[in-house]
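Here are some short exercises to work through with the structure on your screen. Try each task before you read its solution.

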Amino acid sequence: MSEGTMQRRAQRDDQSDRTDRSEPGVLTDGGGRRVRRASRAGGVNRALAAAAALPVLLFAAACSSDSGSDDSAGSGSTARADAGGSSASESASAAPTVQAAAFKALPKACATLSAKTLTELVPKAKAKQGTSTDPEDRASCSWSSLDNNGVKGSQFRWLNVSLLRFESDATRGAGDRLAQEYYAKQVKDAQAVAGAKGTTSQAVAGTGDQATVVRYDLKKKEGAFKQQTVVARVENVVVTVDYNGAGLAGDKAPSADTLVKAAEKAAKEAVASVRAANGEGNGGAASGGSTGKPSASASPSKSSTASSAPSASPSASPSASAAKAAAAGASPSASHNS
């Protein structure tokens, strides 16, 4: 072997030895090259193993995350369902309700007053039943009388009783409240009759739950009429009594105080008849003028719809021509009866 060849081999060995020493943990003996390759192969194997394990870990983490989401979604849905059920329950419990009406029937209007009372207020008069499409909710009856005194003139009287019953309605409200509203309207209308003079109002005791009498004078071509209107409410029924009188053909005008007392008496009997028609107390006509007892409580009701207005007052029809003329102008309160 030449010296140059030996020198180059020595240089290679020296370089190899330096390379082996520069890599920590790598053997530097004659089989060093193979040892480094084995070491490198082991590192690659460990890297491949770690890379293979990574998808498994990611899949496990994803499964765990999905399971948590499902649980969360399930609990959220349950919460929403519970909340929806609670809302529906609260909505159902909040639905408006009204009590049943206290009175379910009306008496026959022409039978609300006793024969004795009719003789006193409208002597020798005949009853005239008002027309109604719903007699269970509205009714009316009128009487007119002409007491002819010959050359001394005559006394005219006209009496009308109107009854209106209100049922409760879930939208409009309780029957007694609806009746109270109508009662107030009737009183207001009676106080606002066109042409009325000297209008006064006062409460009437012992007549249903509440009652008011309105009185005034009304001048007509037939004579000077004195009008009395008593509006009363008993539970869910409104009773309106109109009573007027006039002295015709030269006869003197009747006493307004006497007419007011007569109208109040008729209203008390009519209220008692309403109670009796619903199984309370005695009827006014049957008992000859029972006043009935005031209601202990105003109970509202629960039924279909309430009537909005009573039937119009029938026109008076006395037999004499003078009475006919008087009757034509004897119902100034017809506007608040219709």
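**Exercise 1: the nonpolar core**

Trp143, Leu159, Val239, Val241 and Tyr243 touch the most other members of the largest nonpolar core, which has 32 residues. A nonpolar core here is a set of buried Ala, Val, Leu, Ile, Met, Phe, Trp, Tyr and Cys residues joined through side-chain atoms within 4.5 Å. Buried means under 20% relative accessible area, exposed over 50%, and partly exposed in between (1.4 Å probe, protein chains only).

Before you start: this is a predicted model, where local features need pLDDT of at least 70, side-chain atom pairs count only at pLDDT 80 or more, and totals for chains, interfaces and linings use all residues. Residues are numbered from 1 along each chain as its sequence is written, and side-chain values use heavy atoms, with hydrogens and water left out.

Task: find which elements give two or more residues to this core.

Step 1. Mark the elements; helices (H or I, at least four residues) and strands (E, at least two) are DSSP runs, numbered from the N terminus.
Step 2. The elements giving two or more residues to the core are H3, strand S2 (138–148), strand S3 (154–165), strand S5 (210–220), strand S6 (223–234), strand S7 (237–248) and helix H5 (256–277).
Step 3. H5 supplies the largest share, nine residues.
Step 4. Apart from this core lies another, of 14 residues, including Tyr182, Tyr183, Val187 and Val238.

**Exercise 2: the whole chain**

Task: work out how many helices and strands the chain has, and in what order its elements run.

Step 1. Count them up: there are seven helices and seven strands.
Step 2. Read from the N terminus and you get α-α-α-β-β-β-α-β-β-β-β-α-α-α.
Step 3. Check the burial: 39% of the chain's 338 residues count as buried.

**Exercise 3: the aromatic pairs**

Task: find how many aromatic pairs there are.

Step 1. Apply the rule: rings of Phe, Tyr and Trp (its six-membered ring) pair if their centres lie within 6.5 Å, with planes under 30 degrees apart counted as stacked, over 60 as edge-to-face and the rest as tilted.
Step 2. That gives two pairs.
Step 3. Phenylalanine 156 and phenylalanine 225 are edge-to-face, at 6.2 Å centre to centre and 85 degrees between the planes. They link strand S3 with strand S6, 69 residues apart, and both are buried.
Step 4. Phenylalanine 166 and tyrosine 182 have ring centres 5.6 Å apart and planes at 50 degrees, so this pair is tilted. Phenylalanine 166 sits in the loop between S3 and helix H4 (175–190) while tyrosine 182 is in H4 itself, so the pair ties together parts 16 residues apart in sequence. Phenylalanine 166 and tyrosine 182 are buried too.

**Exercise 4: the disulfide**

Task: find which cysteines form a disulfide, and where they lie.

Step 1. Look for a pair of cysteine sulfur atoms within 2.5 Å, which is what counts as a disulfide.
Step 2. The whole structure holds one: cysteine 110 and cysteine 141, with sulfur atoms 2.0 Å apart.
Step 3. Place the two ends: cysteine 110 is in the loop between H2 and H3, and cysteine 141 is in strand S2, 31 residues apart.
Step 4. Check the twist: with 95 degrees about the S-S bond, the link of cysteine 110 and cysteine 141 is right-handed.
Step 5. Compare their burial: cysteine 110 has 23% relative accessibility, so it counts as partly exposed, whereas cysteine 141 is buried, at 0%.
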